[in-house]
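Work through the exercises below with the sequence and the structure in view. Try each task before reading its solution.

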Amino acid sequence: MSTPATPSSDTQPDEHETALETARRQLHQAAAHIDIDPDIVERLEHPKNVHEVTVPIERDDGSVEVFTGYRAQHDSVRGPFKGGLRYHPEVTRDECVGLGMWMTWKCAVMDLPFGGAKGGIAVNPKALSDAEKERLTRRFAEELRDIIGPNRDIPAPDMGTDPQTMSWLMDAYSMQEGETTPGVVTGKPPIVGGSEGRNEAPGRSVAIITREAIDYYDLDIHETSVAIQGYGSVGANAARLLDDWGANVVAVSDVNGGIYDTNGLDTHAIPSHHEEPEGVRGHDAPRTVSNDELLTLDVDVLIPAAIGNVLTQSNADAVSADLIVEGANGPTTSAADTILTDRSIPVIPDILANAGGVTVSYFEWLQDINRRSWSLERVNEELETEMLAAWADVRDEVAAHDVSWRTAAYIVALSRVADAHETRGLWP
Ligand code: NAD
């Protein structure tokens, strides 16, 4: 199995670069391969807007606490801004800008009519009661009200936020606007306009892209061994689908470590994070492995689907898999990416593989706008169609430019965004 060489980049990746630095470096790396106006690249280095807001709430003990919230809107040339809102103590302006830029590429590689954004509040959500979280979310919705909306900017859940958070946000926005507006956020429960299949979608898209990559590299799925780190929404759904399609899922893990059976695990019998948090190790298996060991197991396919930055300069040389599919966001550091490319181990990037989440968010937005819900079968069929189209676009770019899968995905995305800018022109 081989993958084309990575293009030479003007800057060498640094193991400790920030999300914004990585996003900008990847932008330039992709731009080097296409005929693009440098002025457009310069515009794309910067967000269109970054909103910083103060979010005061009354704590349960009657005191008032003030938090800082952000919404970085990167680019909207192809449609309304789209991206998550996270509640995490380390949320910063620059992180939101970098992650917002990634959302621009993720939506563009899927050819969705959305731009990219990211936001959040610098807060530890575990230190808040449910009532405090609700007050925080409603006040944040009010602070963002002028800049969000179904045709402006559509937030979604991210770290520390969930479907309930989105319901509060939707309710607060709707009450102030005087009309029920489900299309202002995605990732809601179906009862208030959420989509069937939304929770499973990122894992499903990881499974679809893995299946296509297995086929591309002339492997037989029935003889393909797979190791998956993380057994949550992404990891467990991907594992079960690949298992159903005939792959041999030999190792899975959660934060406490993993289990390993060369004969294959019964993925449906292992509880996912949502069914029984951290229950993987409770399942009977011939061997246990640490999370570090899992990443270097001798398998055909490795799917890191837990957290970011797990494949690094220190372990990339020890990876034994023939193919890596990124289930998590940013599991491969830039330095590891270079090492893996030098070792001819293809890495199918997150912006393609786990884009099922934002794709079904797009379906949710369509359903909200049309006031008509789709069946689970329809959602899954349309997701399959969108994933296959995006896979084919990126695959063609790999062949046309002799580049890595990551660079190819960025080329597809950047070409679309740049063409839209070129066509619309600069106002005024
Ligand atoms: P989740 O909370 O449902 O599950 C996370 C899993 O990873 C759990 O099994 C947990 O035990 C495990 N885990 C946590 N820390 C770990 C560690 N240090 N080492 C090994 N395992 C660890 O999360 P999720 O929604 O499946 O998200 C996983 C990744 O996928 C994240 O990077 C997320 O940003 C990304 N992602 C999620 C979605 C989505 O909509 N759920 C969409 C796209 C990308």
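**Exercise 1.** Where does D158 lie, and is D158 buried or exposed?

Solution. Step 1: D158 lies in the loop between β5 and α5; helices (H or I, at least four residues) and strands (E, at least two) are DSSP runs, numbered from the N terminus. The model is predicted: local features need pLDDT of at least 70, side-chain atom pairs count only at pLDDT 80 or more, and totals for chains, interfaces and linings use all residues. Residues are numbered from 1 along each chain as its sequence is written, and side-chain values use heavy atoms, with hydrogens and water left out.

Step 2: Buried means under 20% relative accessible area, exposed over 50%, and partly exposed in between (1.4 Å probe, protein chains only). D158 has 17% relative accessibility, so D158 counts as buried.

Step 3: List the neighbours. Not counting residues up to four places away in sequence, D158 touches G84, L85, R86 and K118, where contact means heavy atoms within 4.5 Å. With R86 there is also a side-chain to side-chain polar contact of 2.7 Å. A polar contact is a pair of N or O atoms within 3.5 Å; within protein, one must be able to donate a hydrogen and the other to accept it, and residues adjacent in sequence count only if both atoms are side-chain atoms.

**Exercise 2.** Compare the expected span of helix α5 with the distance between its end C-alpha atoms.

Solution. Step 1: The expected span is 1.5 Å times one less than the number of residues. Step 2: Helix α5 has 15 residues (163-177), so it should span 21 Å; its end C-alpha atoms are 21 Å apart, which agrees.

Step 3: Look at the packing. The buried residues of α5 include W168, L169 and Y173, and the buried residues of this helix pack against β3 (81-88), α4 (130-144) and β5 (153-157). Just after α5, G178 takes a positive phi of about 80°.

**Exercise 3.** Which residues does W374 contact, leaving aside its neighbours within four places in sequence?

Solution. Step 1: Locate W374 in the loop between α11 (356-370) and α12 (376-401). Step 2: W374 has 10% relative accessibility and therefore counts as buried. Step 3: The contacts are E196, F363, L366, Q367, V379 and E382.

**Exercise 4.** Which backbone atoms lie close to oxygen atoms of the ligand?

Solution. A polar backbone atom of Y231 is 3.0 Å from a ligand oxygen; for S233 the distance is 2.9 Å, and for a backbone N or O atom of V234, 2.8 Å.
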